[in-house]
Amino acid sequence: MEEKKDKTVNAAQVAAAPPVGYIDSVYCGSGVDGKGLRCVVFFAGCNLRCPFCHNPETLFKQGTMTDIDALVSRLERYKGYFRRGGVTLSGGEPFLQKRFALALVSALHSKGIRCCFETNGYITDAELIGAAEYLIVDVKNQETDDLSPYEKFFAECVRQGKDVRVTNVLVPGKNDSAEKLSALASLVKKYFHGEPSERIKFLPFRKLCEEKYAELSIPFRYAGCREGEQEDVEKAINFLKNWRFRSFS
């Protein structure tokens, strides 16, 4: 009986202890990871293994263990810099570290700092979704035609009335076809008002990450793919602008 009691006490102590998280890095000065200038906290670890991932170091390295106070203190130093923006929790995948992410958002809110999540949308957690000012969801349609994993996530965002921005890494020859773009537009139109072209932000595929793969001794499967250009992005946007006419013709 005594042994069982000790285990219960230890479990309770662990649950009550301040959470720690594993962070790959913090970047201050981003103008593309949310509204205004942002400080981006890159969480270590991800539930996906996208062959075009720009941050492979967040997938295969444990990251640096940190506590809430230390991270908030660090972010507060930049508060004047991003006062019109905020902090973006990215990765990796921040939804994998729920307890730490929730505590971090709560601590930042207490300091008057706004937070958004940048997620792959494969983990639908109502509490995490509710904690975000808004969400940036990167739809991964480069290697698959199955977009059903996003249905549950988007449905929960709609239920909570959350603002959602959709990003999509545009890889020439992989997901820039009419079929791929139409499927993406249909998914977004199903859950959100307005034109898909105004909600989806295309990010041109880049190969600046090749050195990271070499350092990690990991094959970069997209090495043979052409980088995306602004022309590719404009072509995709124009397709979406005219998509509703095509879809009902």
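**Exercise 1. State whether Y78 is buried, partly exposed or exposed, and describe its surroundings.**

Solution. Y78 has a relative accessibility of 30%, so it counts as partly exposed. The classes are as follows: buried means under 20% relative accessible area, exposed over 50%, and partly exposed in between (1.4 Å probe, protein chains only). The model is predicted, so local features need pLDDT of at least 70 and side-chain atom pairs count only at pLDDT 80 or more, whereas totals for chains, interfaces and linings use all residues. Residues are numbered from 1 along each chain as its sequence is written, and side-chain values use heavy atoms, with hydrogens and water left out.

Next, locate the residue: Y78 belongs to the loop between α3 (68-76) and β4 (86-91). Helices (H or I, at least four residues) and strands (E, at least two) are DSSP runs, numbered from the N terminus. Finally, L37, Y78 and Y81 make a nonpolar surface patch of about 270 Å². Patches are made of residues with over 30% relative accessible area and no salt bridge, like charges being joined within 9 Å and nonpolar side chains (Val, Leu, Ile, Met, Phe, Trp, Tyr) within 5 Å. Accessible areas come from the Shrake-Rupley method with a 1.4 Å probe; for residues, only the protein chains shown count as cover.

**Exercise 2. Determine which residues touch the most other members of the largest nonpolar core.**

Solution. A nonpolar core is a set of buried Ala, Val, Leu, Ile, Met, Phe, Trp, Tyr and Cys residues joined through side-chain atoms within 4.5 Å. The largest such core has 52 residues, and those touching the most other members are V87, L104, F117, L135, F154 and F202. Helix α4 (residues 98-110) supplies the largest share of this core, 7 residues. A second, separate core holds 14 residues, including L48, F52, C53 and F220.

To look at one member in detail, take L135. Leaving aside residues up to four places away in sequence, L135 has contacts (heavy atoms within 4.5 Å) with F95, F117, I129, F153, C157, K162, D163, V164 and R165.

**Exercise 3. Work out how strand β1 pairs with β2 and with β3.**

Solution. Two strands pair if DSSP finds at least two bridges between them. Strand β1 (residues 20-30) and strand β3 (residues 64-67) run antiparallel and are joined by 4 bridges; here Y22 has M65 of β3 as its bridge partner. With strand β2 (residues 38-43), β1 pairs in the antiparallel sense over 6 bridges, and the bridge partner of Y27 in β2 is V40.

**Exercise 4. Find where the salt bridge of K35 and D163 lies in the chain.**

Solution. Side chains of opposite charge can pair when their charged atoms come close. A salt bridge is a side-chain nitrogen of Lys or Arg within 4 Å of a carboxyl oxygen of Asp or Glu, and the count comes to 11 salt bridges. One of them joins K35 and D163 at 3.8 Å, N to O. K35 lies in the loop between β1 and β2, and D163 in the loop between α6 (149-160) and β7 (164-170), so the pair ties together parts that are 128 residues apart in sequence. K35 counts as partly exposed because its relative accessibility is 33%, and D163 is partly exposed as well, with 32%.

Compare the pair K98 and D125, whose side chains meet at 3.1 Å, N to O. K98 is in helix α4 and D125 in the loop between β5 (115-119) and α5 (126-131), 27 residues apart. K98, at 29% relative accessibility, counts as partly exposed, whereas D125, at 15%, counts as buried.

A further salt bridge joins D138 and K140 at 2.7 Å, N to O. D138 has 10% relative accessibility and so counts as buried; K140, at 17%, counts as buried too. Salt bridges that share partners also join K35, D163 and R199 into one network.

**Exercise 5. Explain why β7 is described as largely enclosed by the rest of the structure.**

Solution. Of the 7 residues of β7, 6 are buried, and therefore the strand is largely enclosed by the rest of the structure. Strand β6 (residues 135-138) runs parallel to β7, with 4 bridges joining them. Within this pairing, D138 stands opposite T167 in β7.

**Exercise 6. Identify the backbone feature at G91 and G92 and the one at S217.**

Solution. G91 and G92 are joined by a cis peptide bond, with omega about 20°. G92 is placed in the loop between β4 and α4. S217 has a positive phi of about 60° although it is not a glycine. S217 lies in the loop between α9 (210-216) and α10 (230-247) and, at 66% relative accessibility, counts as exposed.
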